[in-house]
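Visitor: I should like to understand how the descriptive terms applied to a structure are justified. May we take the terms in turn and set each against its criterion?

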Amino acid sequence: MSRRQSLSLLKNIGRFTTGSQTQTRSVTYMPRPGDGKPRPVTLIPGDGVGPLVTNAVEQVMEAMHAPVYFEPFDVHGDMKSLPEGLLESIKKNKVCLKGGLKTPVGGGVSSLNVNLRKELDLFASLVNCFNLPGLGSRHENVDIVVIRENTEGEYAGLEHEVVPGVVESLKNASLCPWTWFLTLLCVCVITKFCSERIAKYAFEYAYLNNRKKVTAVHKANIMKLADGLFLESCQEVAKKYPSIAYNEIIVDNCCMQLVARPEQFDVMVTPNLYGNLVANTAAGIAGGTGVMPGGNVGAEYAVFEQGASAGNVGKDTTEEQKNANPVALLLSSAMMLRHLQFPSFADRLETAVKRVIAEGKCRTEDLGGKSTTQEVVDAVISKLD
């Protein structure tokens, strides 16, 4: 029996008739033995509005008695390295929930966001961009999953000063001046191993989630070897999934098509930098970065965070007025609950959030409202079944 048929059967079982009235009773969720055992989750509140939105998740989890508990770590983006014990905690728990971390601009301080992905080999970044009922946007029927290679390419973070005034950086050459002696000598590293790995993840995701199409985003017309290798890997993997449609699109045309007809895209697989640009564009089209969930996953570990602009810690006024939007991280935590095999709790949380958005009475400033973070949290808790 298919999942859809099962849901239909459960709905019918839940209905009974008394006289001329049809009433509805709840269907009891029966977990397998041991499913209810609380799971530890490493928590990184982060910078800026990060503590606000992670606290929102903690409150909602407590309200619905979700079988998780958090192990918090004080981490800030201006730290020179990951604090002691953090990696050990994530490796023990396998799962982490994370607020935004500031990424210093210049100064030689590496990004802790990048360091975390590299240390845990979180090779896939996943962002789900979709229309939420009640939240108006220019386009309808948008439901895009952007899967981005997370460990190499432009975000490898490998750079050094060769001689004074000349910096060698592993970065996309198509974005730099051809006159290398002015400032930058640029090299983009793409490997077959990582390209095949992210392509397999994208197609496997599409297969398991009943998605119909995978689109590879590239710039192989210019980066013929690097992006060409990425495309070849996607093409080879696509042959193993004949039931899933496959096509390719150049990244600049992709951005134009996203703005014009985003509904044509389903699952998108991209090299590192392109994925960041595409995900944020898709999020803006679907309803804003404040409502799009996501995370970073590898073979063993997963870190869930706001999907688009995950490194954006918010404006100072947002932090002061305590009106940061917690929706994206709440939906990311629902993804986390499914990852932990607690689907009923994930469904309750996701349904409550969608009810609040659809009702339209409680929204933060970025969604056109005047509500505080706490008011949104209270509204979500009130909608929990």
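Guide: Let us begin with the word "buried": a residue is buried if its relative accessible area is under 20%, exposed if over 50%, and partly exposed in between. The coordinates shown here are those of a predicted model.

Visitor: Why is valine 146 called buried?

Guide: Valine 146 has a relative accessible area of 1%, and the limit is 20%; therefore valine 146 counts as buried. This residue lies in strand β7. Leaving aside neighbours within four places in sequence, valine 146 is in contact with Ser125, Leu126, Val127, Met268, Thr270, Gly275, Val278 and Ala279. The C-alpha atoms of valine 146 and serine 125 are separated by 7.8 Å, although the two residues are 21 apart along the chain.

Visitor: What makes β6 and β7 a pair of strands?

Guide: At least two DSSP bridges are required between two strands. Strand β6 (residues 124-130) and strand β7 (residues 143-149) are joined by seven bridges and run antiparallel, so the requirement is met. One of the bridges places serine 125 opposite arginine 148 of β7.

Visitor: How do you know that β13 also pairs with β7, and in which sense?

Guide: Four bridges connect β7 with β13, in the parallel sense; the threshold is two, so this is a pair as well. Arginine 148 stands opposite threonine 270 in β13. β13 pairs with β11 too, again in the parallel sense, over three bridges, and there threonine 215 has methionine 268 as its bridge partner. From β13, Val267 and Val269 point one way, Met268 and Thr270 the other way, and all are buried.

Visitor: What makes the pairing of the whole sheet mixed, and which strands stand at its edges?

Guide: The open sheet has 10 strands in the order β4-β3-β5-β15-β14-β6-β7-β13-β11-β12, with mixed pairing. Within it, β6 and β7 are antiparallel, whereas β7 and β13 are parallel. The edges are β4 (68-72) and β12 (245-250): each has a single partner strand, so one side of each lacks a neighbour in the sheet. On average, neighbouring strands are turned by 25° against each other, direction ignored. Helix α7 (residues 251-260) packs on this sheet and touches β7, β11 (213-218), β12 and β13 (267-270), its direction making about 105° with that of β12.

Visitor: What makes the approach of histidine 218 to alanine 220 a polar contact?

Guide: The side chain of histidine 218 comes to 2.9 Å from the backbone nitrogen of alanine 220; the cut-off is 3.5 Å between N or O atoms, so the distance qualifies. Histidine 218 lies in strand β11 and is buried, because its relative accessible area is 8%. Beyond four places in sequence, its contacts include Asp227, Glu248 and Tyr274.

Visitor: Why are asparagine 141 and lysine 322 assigned to separate accessibility classes?

Guide: Asparagine 141, at 66%, counts as exposed, because the class begins over 50%. Lysine 322, at 48%, counts as partly exposed. Asparagine 141 is in the loop between β6 and β7 and has a positive phi near 60°. Lysine 322 is in the loop between α9 (316-321) and α10, with a positive phi of about 55°. Most residues other than glycine have a negative phi.

Visitor: How do you know that the length of helix α10 agrees with expectation?

Guide: The 13 residues of α10 (residues 327-339) should span 18 Å at 1.5 Å a residue, and the end C-alpha atoms are 18 Å apart, so the two values agree. α10 is mostly covered, with 10 of its 13 residues buried, among them Leu329, Leu330 and Ser333. Those three residues are also touched by valine 57, which is found in helix α2 (residues 50-63) and counts as buried at 0% relative accessibility.

Visitor: Which residues have the most contacts inside the largest nonpolar core?

Guide: That core has 92 residues, and those with the most contacts inside it are Met61, Val68, Leu97, Leu337, Leu349 and Val380. Valine 380 touches residues including Val60, Leu330 and Leu349. A second, separate core of 15 residues includes Ile44, Leu86, Leu101 and Val303.

Key: Residues are numbered from 1 along each chain as its sequence is written. This is a predicted model: local features need pLDDT of at least 70, side-chain atom pairs count only at pLDDT 80 or more; totals for chains, interfaces and linings use all residues. Side-chain values use heavy atoms; hydrogens and water are left out. A nonpolar core is a set of buried Ala, Val, Leu, Ile, Met, Phe, Trp, Tyr and Cys residues joined through side-chain atoms within 4.5 Å. Buried means under 20% relative accessible area, exposed over 50%, partly exposed in between (1.4 Å probe, protein chains only). Contact means heavy atoms within 4.5 Å. Helices (H or I, at least four residues) and strands (E, at least two) are DSSP runs, numbered from the N terminus. The expected span of a helix is 1.5 Å times one less than its number of residues. Axes are lines fitted to C-alpha atoms, for helices over the stretch in contact, and angles run from 0 to 180 degrees between N-to-C directions. A polar contact is a pair of N or O atoms within 3.5 Å; within protein, one must be able to donate a hydrogen and the other to accept it, and residues adjacent in sequence count only if both atoms are side-chain atoms.
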